[in-house]
Amino acid sequence: MAEKRTVRYTINGRSHEAYIEPNRTLLEVLRDELRLTGAKEGCGTGDCGACSVIVNGKVVTSCLMLAPQADGAELITIEGLAHGGELHPLQQTFIEKGAVQCGFCIPGMILAGKALLDSNPKPNEHEIRQAIAGNLCRCTGYTKIVEAIAAATGGVA
Amino acid sequence: MHRFEYFAPESLDEAITLLKEHGDGVKLLAGGTDLLVQMKEAGLHPAAVVSLHALTELRGLEFDEADGLHVGAATDMATIEAFAVVRERFAALADGAGVLGSVQTRNMATLGGNIANAAPSADTAPPLVVLDAIAEIAGPDGSRRLPVGEIFAGPGTSTLAPDEILVGFHLPTPPARTGSVYQRHTPRKIMDIAVVGVAVQLTLATDADTIREARICLGAVAPTVIRAREAEEALTDHEASDELFAQAAEMAQAAASPISDVRGSAEFRRYLAGVMTKRCLGIALERAKGA
Ligand SMILES: Cc1cc2nc3c(=O)[nH]c(=O)nc-3n(C[C@H](O)[C@H](O)[C@H](O)COP(=O)(O)OP(=O)(O)OC[C@H]3O[C@@H](n4cnc5c(N)ncnc54)[C@H](O)[C@@H]3O)c2cc1C
Ligand code: FES
Ligand code: FES
């Protein structure tokens, strides 16, 4: 059973499949097989959050999930947030607040922000900081990221 | 990661059979937040991995006043923390599940994984011990029940056999006027491992602040989580007071036998165990009065 198998995901509303060995992580399959390179590998051990994606409604670190564990799941990745050329409100406020520097942490940061707003549309600053505690940013110092998430709390899709 | 055979059994029996067939080289996989890190970073190379994710009977919580709380071993921390009865009646468990890792970690990490991994710093272990939790364990010869404290054998070593599976945890309904709490100290505010963790549960007499029952469990200050039994006895049948709590805290401090590492010296940990026990006694008392 170490041999290759097909895994199927619905990613951002579209069906995808990959033919892989079971020792691949979900992050590797997204990036290397499906060419969805928005999720990044920072640490590979769950500490940095750069690989965050939403699996069945919950934000997880895809570097710690085996690809076959997510077989059949619905995924949202950063590639799925903009619709028809229109940015997601979080993407818009991240730009407006100048919350992006090198950008490496941002896909994970925005998905952690989205997971928060999906369950708590009006978070306070403490709740925002808790929600992104698992997402490291080496550039911005977090202040503008927190501001951007707060600014997106009105009218989130 | 090295190659391994992968199985996702759809029944508990099938899972146990797979474990038995594959012997020492097999590892169970729940949320993967310990196992995958060990496979990537710590040279753990199982020949086979048996994932629990298709076993829906291992997930979820159920509460009944007469029977108490049942938590499936594969229930994730976020679900546990969000369960209203856990927050109200089993507060120490909500505290422990709520401080573990990040949002992402809590969405993946399971209660069974935290206990089976047997780290003395496991944040849900002291809560389960003071809440009197009994683990239900399934194996090739049927199932057995064990108090959670007895699963811990040493740092990273459990008393579970390789072909045994934690199925769930049973927590009795706390009596009236009972309050519990878990707190930990970490050098960083979040995303760090406890240098000391303390859980306390106090039950008060119906008409006074006399302590009927006290349970104290310390994490990260010994090779396993430990009860501070001398402190518990000193509290029992006495009226709650600052002096009594200070005395009990000193006894808890004496029960600690911590190691020194990068996160803190043994002396610091021992001292902290006392400070935090006193603080937790105060919080448990307030919660007990409100219950
Ligand atoms: C970024 C990060 C932060 C973390 N922070 C904390 C923290 O603050 N506090 C803390 O206590 N821990 C922390 N951890 C450790 C880890 O998340 C927890 O121990 C978690 O509860 C493990 O559960 P899991 O389901 O992910 O276990 P897995 O990794 O799937 O399994 C862990 C071990 O338990 C065994 N196992 C799993 N389920 C069962 C079962 N039902 N029966 C028998 N054996 C089983 C596995 O074979 C394995 O040996 C952190 C981990 C990461 C990656
Ligand atoms: S790459 Fe997954 S958390 Fe850092
Ligand atoms: S913008 Fe560079 S890591 Fe966050």
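This is a conversation between a trainee and a mentor about reading a predicted model of two protein chains with a ligand.

Trainee: Okay, where do I start? Where does ligand 1 lie?

Mentor: Start by asking which chains surround a ligand. Here, ligand 1 sits between chains A and B. There are 34 residues around ligand 1, and the ones that come nearest are T33(B), D34(B), L35(B), T110(B) and D123(B).

Trainee: Which polar side-chain atoms lie by a nitrogen atom of ligand 1?

Mentor: For this, look at pairs of N and O atoms and how far apart they are. D123(B) has a polar side-chain atom 2.6 Å from a nitrogen atom of ligand 1. The side chain of T110(B) also takes part, with an N or O atom 2.6 Å from an oxygen atom of the ligand. Backbones can join in too: D192(B) places a backbone N or O atom 3.5 Å from an oxygen atom of ligand 1.

Trainee: And how much of ligand 1 does the protein bury?

Mentor: The idea is to take the ligand alone, then see what the protein covers. Alone, ligand 1 exposes 990 Å², and 93% of that is buried by the protein. In chain B, the elements giving two or more residues to the shell are β2 (26-29), α7 (111-116) and β10 (165-171).

Trainee: How do the shell residues divide into nonpolar, polar and charged?

Mentor: Sorting a shell by residue kind gives you a quick picture of its chemistry. Around ligand 1 there are 15 nonpolar residues, 12 polar ones and seven charged ones.

Trainee: D123(B) came up already. Is D123(B) buried or exposed?

Mentor: Compare the relative accessible area with the cut-off: under 20% means buried. D123(B) has 5%, so it is buried. Its place is in the loop between α7 and α8 (125-130) of chain B.

Trainee: Which side chains make polar contacts with D123(B)?

Mentor: Follow the side chain to its partners. A 2.5 Å polar contact links D123(B) to the side chain of Y182(B), and one of 2.6 Å links D123(B) to the side chain of R184(B). Leaving out residues up to four places away in sequence, D123(B) also touches others, including G96(B), V99(B), L100(B), N114(B) and A194(B).

Trainee: G96(B) is in a helix, right? How many residues of α5 in chain B are buried?

Mentor: With a helix, go along it and check each residue for burial. In α5 (residues 91-99) of chain B, eight of the nine residues are buried, so the helix is largely enclosed by the rest of the structure. The buried ones are A91(B), A92(B), L93(B), A94(B), D95(B), G96(B), A97(B) and G98(B). Just after α5(B), G101(B) has a positive phi of about 60°.

Trainee: What about α1 in chain A? Which of its residues are buried?

Mentor: Here's a handy rule first. An α-helix has 3.6 residues a turn, so residues three or four places apart point the same way. In α1 (residues 26-33) of chain A, the buried residues include L26(A), L27(A), V29(A) and L30(A). Their cover includes β1, β2, β3 (52-55) and β5 (74-76) of chain A. Just after α1(A), R35(A) takes a positive phi of about 60°.

Trainee: Which other residues have a positive phi without being glycine?

Mentor: When you meet one, check its place and its exposure. N12(A) has a positive phi of about 50° and is not a glycine. Find it in the loop between β1 (5-11) and β2 (14-20) of chain A, where N12(A) is partly exposed at 28% relative accessible area. R177(B) is another non-glycine with a positive phi of about 50°. R177(B) belongs to the loop between β10 and β11 (178-185) of chain B, and at 17% relative accessibility it counts as buried.

Trainee: Last one: how many residues of chain B are in contact with chain A?

Mentor: For an interface, look at the residues in contact and then at the area. Contacts involve 28 residues of chain B and 29 residues of chain A. About 2,400 Å² is buried between the chains, and carbon and sulfur atoms give 60% of it. On the chain B side, Y6(B), Q104(B) and M108(B) lose the most area to chain A, together 26% of what that side buries.

Technical notes. Residues are numbered from 1 along each chain as its sequence is written. Chains are lettered from A and ligands numbered from 1 in the order in which they are written. This is a predicted model: local features need pLDDT of at least 70, side-chain atom pairs count only at pLDDT 80 or more; totals for chains, interfaces and linings use all residues. Side-chain values use heavy atoms; hydrogens and water are left out. A residue is near a molecule or strand if one of its heavy atoms lies within 4 Å of it. A polar contact is a pair of N or O atoms within 3.5 Å; within protein, one must be able to donate a hydrogen and the other to accept it, and residues adjacent in sequence count only if both atoms are side-chain atoms. Accessible areas come from the Shrake-Rupley method with a 1.4 Å probe; for residues, only the protein chains shown count as cover. Helices (H or I, at least four residues) and strands (E, at least two) are DSSP runs, numbered from the N terminus. Ala, Val, Leu, Ile, Met, Phe, Trp, Tyr, Cys and Pro count as nonpolar, Asp, Glu, Lys and Arg as charged, and the others, Gly among them, as polar. Buried means under 20% relative accessible area, exposed over 50%, partly exposed in between (1.4 Å probe, protein chains only). Contact means heavy atoms within 4.5 Å. Buried area is the accessible area (1.4 Å probe) that two parts lose on being put together, summed over both.
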